[in-house]
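Here's a friendly walk through a protein model, with an eye on how its pieces pack together. Have the viewer open and click along as you read.

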Protein chains: 2
Amino acid sequence: MEKIESVLSFIVEIEKLKGVLRKTRPCALPRYENSAEHSWHVCLCALMLKDFADDTIDIDRVIRMLLIHDLGEIDAGDTIIYASETAENKAKEEAGVKRLLGLLPDGQGDEYLVLWQEFELGETPDAIYARAIDRIPPLLHNLHGDGHSWRDNNVPKEKVFGLNSRIEKGSKDIWRVLKGKLEEAVDAGLLN
Amino acid sequence: MEKIESVLSFIVEIEKLKGVLRKTRPCALPRYENSAEHSWHVCLCALMLKDFADDTIDIDRVIRMLLIHDLGEIDAGDTIIYASETAENKAKEEAGVKRLLGLLPDGQGDEYLVLWQEFELGETPDAIYARAIDRIPPLLHNLHGDGHSWRDNNVPKEKVFGLNSRIEKGSKDIWRVLKGKLEEAVDAGLLN
Ligand SMILES: [Ca+2]
């Protein structure tokens, strides 16, 4: 029974992700998104777009990766991606992920730490696809939300196109569609 | 490209689940939980507790089931489980799930409708386990949150023990642990 108690303490502890706020507002909601609901949303994005991945991927591994990909923010907090993914912040996140997964019994967390590191490195087909998908919801939030996060954080269009071309590494077709929408946003003055 | 556009419209539409509020507050948060963040949380519960399932389960199917299990609430709203799972409400939820999955291209949603229905029926090992897991977070919220939802909704202990014995159908060991915690809650006066 002690093992179950350990998993339950993990389950309670990861709830804190529901209190980590991100920098965009979900379409049609007046408040900022939290990283827990974001994690759910990207899992369904990945699942429903899986046939557009350019490489062969294991969608079940991708979903597990996305379920845990933001756990590091519980201890480190969310930082806007355009601001920079610093080594210091990444180290803080990794320490946090280790602490949380360490709550699980019998080294059960080890495989998830490896999966989290694979996502962070972004070199395997699964990680490349997962990281591509992770970029989609915040773009949609801005596109459907008057570019609020681009403007509030003074993000120039060069940065938006540059960083989000990460989507292209996972799926040329998805990037083509989203790039078209970004260009329309520039024309409409949402993005400068 | 039209197919990708259709999936994107699905992705935008399901965001509304982030605005559907449930009846419990996450551990350590002062606000009610929404069904999107709940969906993320139950997926990780299911994953980390999978070895305690009594039956042979396909955890990847279970996770897909749990990712979509609450989509019906977007059109039907969340109703407290103790209040009753009426046929009328279930029909409303199913119509809502059909509407949402119908946004996906080429009948891509059909397999997820079948999965949603399997969850609702709760007869296969995957559905039995998924439904058992779905009960765990609200119990933890009450146990760690002074029984707030039991009290606010006047839920007597007989109903709590009765309905949550659904957990036992998925895992006798998990139920034994949680039943012990519920008995402690009765002794402590959180549950009457
Ligand atoms: Ca539920």
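Below we go from the core to the helix pairs, then to covered helices and a few loop residues.

**The core**

Keep in mind that this is a predicted model. Which residues have the most contacts inside the largest nonpolar core? They are Leu71(A) and Leu71(B), and the core itself has 124 residues. In soluble globular proteins, nonpolar side chains tend to be buried together. Take Leu71(B) as an example: setting aside residues up to four places away in sequence, it touches Phe10(B), Ile14(B), Leu17(B), Val97(B) and Leu100(B), plus Trp40(A) from the other chain.

**Three helix pairs**

Two packed helices are described by the angle between their axes and the distance between the axes. Here are three pairs to look up:

| Helix pair | Axes come within | Crossing angle |
|---|---|---|
| H5(B) and H6(B) | 10 Å | roughly 160° |
| H1(A) and H8(B) | 11 Å | roughly 80° |
| H2(A) and H2(B) | 7 Å | roughly 75° |

Start with the pair inside chain B, where H5 covers residues 87-101 and H6 covers residues 110-121. Angles over 145 degrees count as roughly antiparallel, so H5(B) and H6(B) are roughly antiparallel to each other. Their crossing is right-handed. On the H5(B) side, the contact uses Lys90(B), Glu93(B), Glu94(B), Val97(B), Lys98(B) and Leu101(B), and these meet Tyr112(B), Leu113(B), Trp116(B), Gln117(B) and Glu120(B) of H6(B). Sort the residues of this contact by type and you get five nonpolar, one polar and five charged. Val97(B) may ring a bell, as Leu71(B) touches it too.

Now for a pair that joins the two chains: H1(A), residues 2-14, and H8(B), residues 136-144, cross at roughly 80°. That makes H1(A) roughly perpendicular to H8(B). Leu8(A), Ile11(A) and Val12(A) come from H1(A), while H8(B) brings in Ile136(B), Leu140(B) and His144(B). This contact has five nonpolar residues, one polar and no charged.

The last pair is H2(A) with H2(B), and the H2 of chain B runs over residues 35-48. These two helices are also roughly perpendicular to each other. Chain A contributes Ala36(A), Glu37(A), Ser39(A) and Trp40(A), and chain B contributes Ala36(B), Glu37(B), Ser39(B) and Trp40(B). By type, the contact of H2(A) with H2(B) splits into four nonpolar, two polar and two charged.

**Covered helices**

How many residues of H7(A) are buried? Nine of its ten residues are, and the helix, residues 125-134, is mostly covered. The buried ones include Asp126(A), Tyr129(A), Arg131(A) and Asp134(A). What do they pack against? Their partners in chain A are H2, H3, H6, H8 and H11.

Back in chain B, H8(B) is largely enclosed by the rest of the structure, because eight of its nine residues are buried. Among them are Ile136(B), Pro137(B), Pro138(B) and His141(B).

**Loop residues worth a click**

Most residues other than glycine have a negative phi, and most peptide bonds are trans. Asp146(B), just after H8(B), takes a positive phi of about 60°. In chain A, Asp146(A) also has a positive phi, near 60°. Asp146(A) lies in the loop between H8 and H9 of chain A, and with 45% relative accessibility it counts as partly exposed. Asn154(B) has a positive phi near 50°. You'll find Asn154(B) in the loop between H9 and H10 of chain B, where it counts as exposed at 69% relative accessibility.

Is Lys18(B) buried or exposed? At 1% relative accessibility, Lys18(B) counts as buried, and it is found in the loop between H1 and H2 of chain B. Leaving aside neighbours within four places in sequence, Lys18(B) is in contact with residues including Pro26(A), Glu33(A), Glu37(A), Trp40(A), His141(A), Asn34(B) and Ala36(B).

Finish at Ser171(B), in the loop between H11 and H12 of chain B. Ser171(B) counts as buried, at 2% relative accessibility. Not counting residues up to four places away in sequence, Ser171(B) touches Phe52(B), Ala53(B) and Asp54(B). Its C-alpha atom is separated by 14 Å from that of Val62(B), which sits 109 residues apart along the chain.

Definitions and conventions
Residues numbered from 1 in each chain as written. Chains lettered and ligands numbered in written order. Predicted model: local features only at pLDDT ≥ 70, side-chain atom pairs only at ≥ 80, totals over all residues. Heavy atoms only, no water. Core = buried A, V, L, I, M, F, W, Y, C linked by side-chain atoms within 4.5 Å. Buried < 20%, exposed > 50% of the residue type's maximum accessible area, 1.4 Å probe, protein only. Contact = heavy atoms within 4.5 Å. Axes fitted to C-alpha atoms, helices over the stretch in contact; angles between N-to-C directions. Helix = DSSP H or I, 4+ residues; strand = E, 2+ residues; numbered from the N terminus. Parallel < 35°, antiparallel > 145°, perpendicular 65-115°, else oblique. Left-handed = near helix turned anticlockwise from the far one by under 90°. Nonpolar A, V, L, I, M, F, W, Y, C, P; charged D, E, K, R; others polar.
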